[in-house]
Each structure stands twice: as structure tokens, then as C-alpha cells.
Amino acid sequence: MTSPVDIAVVGVHVLDTHVLGVTSIPDGSEGQLVETIKISPAGTAGGTAVVLSRLGARVRSYGAVGADALGDTLLGLLKARGVDIGGIARTTVSQTSASVIPVRPNGDRPAWHCPGANAALTLDMLDLDDIARGAHLHVGGPEFLGGAAAATLLRRAKDSGLTTSVDILAGGNPGLLAWIADALPYTDYLLPNDEQVLGFTGAADLEAGAKSLLEAGAGCVAVTRGGEGALVVTPEATVAVPAYAVDVVDTTGCGDAFSAGFILGRAFGRDLVESARLGCATAAQVAGGVGTDAGSYDLASVDAFMTQNQGPG
């Protein structure tokens, strides 16, 4: 049996409220019955932490939430899912970050989002020595810290022998790449989605955009492509990994699930392609339910799912 790997996750933590069966926004003050309302821990740090823990990693989460009932709830959900929340600071400066996600019958999921305490996160709120232990550091949402601060954090981890990964929350604004550029040379694995890659770089296709991000300093770029799977790009090779077929209920958190599977695969010594396959297979488990914490899978069952579906897509 493989021993648990120790992973630190730093950055964006959000409390999601999913509303399923929304066909329209009622007029005036009218009401509307829906199928399901569910809350779940989320965010490029929080959601990834939950899935990593589900897969069997020993996960320590670091970030900021408000000193409010939303924060109490979010921390309780993270703790219940096995995440060590000792590194999450409470702040009175702003509320806990939260989203309301109405999921339409066709799967579309617009959202209302309040950045909240994530925007208040600074290096002074983090114990860098405590973060820089274990095997791996994942930074979710480096744009909130800023490139220079994220670079300091990632460099400390690299100097301590950890591998590193970064996932960006914001959309593909070209200016954002300049904002976080200092962090990229200390990033072993950059985990953007396809829209972000094209938006950041202005490239005509994903491979060209990913190669631009390699030139900016990232060691490897693993791009999620929704229902098409992932594209893994290194200086030596480009490999497309298809998605696994699944009956989709809600795609919220699938990117975080891919990140978790990919990170854990690399931590366990799997090659880049097998790690991307694990990421896609983990995302498939999440897509079959509501929220990042959907399902009852673990690493063994995801591996079994991969074996049973050798021809993904």
C-alpha cells in the first residue's frame, strides 16, 4: 500500500451554494421550486484540497476566510473531509468568499461570486516554514497574492525540495500573465484551462499558447479542455489525453479535481501522461455529482475506473 503523500495547498477557498434545476430567474419577488440546493467547499485551493484528501493524500490547507458563519461552515466542511485547516487564517476585514451557482437543466452554470477574504490574503498571514515541508506545494489563485509574493512562496518550497504546481482562478485576461509572471520560474506544473491559455497569450492554438507559458518559466503546462480532456505540453513533447465518458450532472470543480489527480499522480512517480489520465478520471467522478466533494471515490476506485475504461472518450 502506498503511504500518504504530504501536500500543502495555498490560496483560494470558497463556499459554493449549488442550485440545481434553475430554468430562469423569477420576475420581481416571485419564487421558484428547484431540484436541489447544496453547499460544498470549493476554490482552486479549497476544492483541490478536498479532492486530494479524498484520493488519500495528507493535505494541509492555507488561506484566509472571514470571521463569520460562512467561514465556520467552510472550515467545518474542509475538516470533515480530512483536510488540515490549521493554516487557514480568520479575518474581520471581509466576509468569507462565496459563490451561488444556478445549474440549468442543460448543465450551464452561471455564477454570482464574492471574492471576500481571498482578496485579503498576504504572505504575512502564512507560515512559510510550515508550508515548505512535505512533498509538494500547490498554489491555487496566485493572482490574489501577486506574482512577487507567490514567487517568494514557491521559491521557498523549491529550496526545501518540494515540487510545485499553480492553478489560476481568474479568466484569461492578457494583463494577468504579467501580474503573476514572477511566479512561473518556480512552477513545475502550471494547470490552466484552455480559455486561460488562449487569453493570457493571445496564441491561435493551445499548443502554441502553452509553449509561450513554458518560455515564461513554467516547467510543464497541463491544460484542461473540458469535455475534450487535457493537453500536456513540455519542452520535449505535446500529448493529448482524452476525457472519460460520464453522465454529467455538474461540472463545478472538475478543474480542481483534474489538478488533484495530476498532482497526486506526479507525487507517486507516475509519468506525465498517466498523471493527466488520473486527473481526467478524477474529474469524471466529480462531474457525475454536485460540487467538488461529490461522490464516494478513492484512489483505488479511480484507478479501477481507468482500467475499466482503457479507451477514454
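Me: A helix here is a DSSP run of H or I with at least four residues. Which helix gives the most to the lining of the largest pocket?

Reply: This is a predicted model. In it, α9 gives the most to that lining, with five residues. α9 spans 254-267, at least four residues, so the name helix holds.

Me: What else supplies at least two residues of the lining of the largest pocket?

Reply: Strands β2 (14-20) and β6 (98-103) do, and so do helices α7 (194-201) and α10 (272-287). The lining has 45 residues. Arg 109, Asn 193, Thr 251, Gly 253 and Gly 255 lie nearest the centre of the pocket. The space inside is about 1200 Å³.

Me: What makes a lining residue nonpolar, polar or charged, and how many of each are there?

Reply: The residue type decides. Asp, Glu, Lys and Arg count as charged, while Gly falls among the polar ones. On that basis the pocket lining has 20 nonpolar, 18 polar and seven charged residues.

Me: Why are β3 and β7 at the edges of their sheet?

Reply: The open sheet runs β3-β2-β6-β7, with mixed pairing. β3 (36-42) and β7 (112-114) each have a single partner strand, so one side of each is left without a neighbour in the sheet. From one strand to the next, the twist averages 15°.

Me: How do you know that β6 and β7 pair?

Reply: Pairing needs at least two bridges. β6 and β7 share three bridges, so they qualify, in the antiparallel sense. Val 100 stands opposite Trp 112 in β7.

Me: What lies across β2, β3 and β6?

Reply: Helix α2, residues 69-80, does. α2 runs at about 75° to β3. Angles of 65 to 115 degrees count as roughly perpendicular, so α2 is roughly perpendicular to β3.

Me: Why is α10 called roughly perpendicular to α11?

Reply: Their axes cross at roughly 105° and come within 10 Å. The range is 65 to 115 degrees, so the term fits. The α10 side of the contact includes Glu 274, Arg 277 and Leu 278. The α11 side includes Leu 299, Val 302 and Asp 303. By class, the contact has seven nonpolar, two polar and three charged residues.

Me: Which strands are the edge strands of the nine-strand sheet?

Reply: β5 (84-91) and β13 (238-241), each pairing on one side only. The order is β5-β4-β1-β8-β9-β10-β11-β12-β13, and this open sheet has mixed pairing.

Me: How do you know that β10 and β11 pair?

Reply: The cut-off is at least two bridges. Two bridges join β10 (189-190) to β11 (220-224), so the pair meets the cut-off. These strands run parallel. The partner of Tyr 189 in β11 is Cys 220.

Me: What packs on this sheet, and how is its direction classed against β4?

Reply: Helix α1 (46-54) packs there, touching β1, β4 and β8. The direction of α1 makes about 155° with that of β4. Over 145 degrees counts as roughly antiparallel, so α1 is roughly antiparallel to β4.

Technical notes:
Residues are numbered from 1 along each chain as its sequence is written. This is a predicted model: local features need pLDDT of at least 70, side-chain atom pairs count only at pLDDT 80 or more; totals for chains, interfaces and linings use all residues. Side-chain values use heavy atoms; hydrogens and water are left out. On a 1 Å grid over the protein atoms alone, a cavity is a set of points where a 1.4 Å probe fits but cannot get out, and a pocket is an open set with protein on both sides within 12 Å along at least five of seven lines; lining residues have an atom within 4 Å of a point. Grid points are joined across faces, edges and corners, and a volume is the space filled by probe spheres set on the points. Axes are lines fitted to C-alpha atoms, for helices over the stretch in contact, and angles run from 0 to 180 degrees between N-to-C directions. Contact means heavy atoms within 4.5 Å. Angles under 35 degrees count as roughly parallel, over 145 as roughly antiparallel, 65 to 115 as roughly perpendicular and the rest as oblique.
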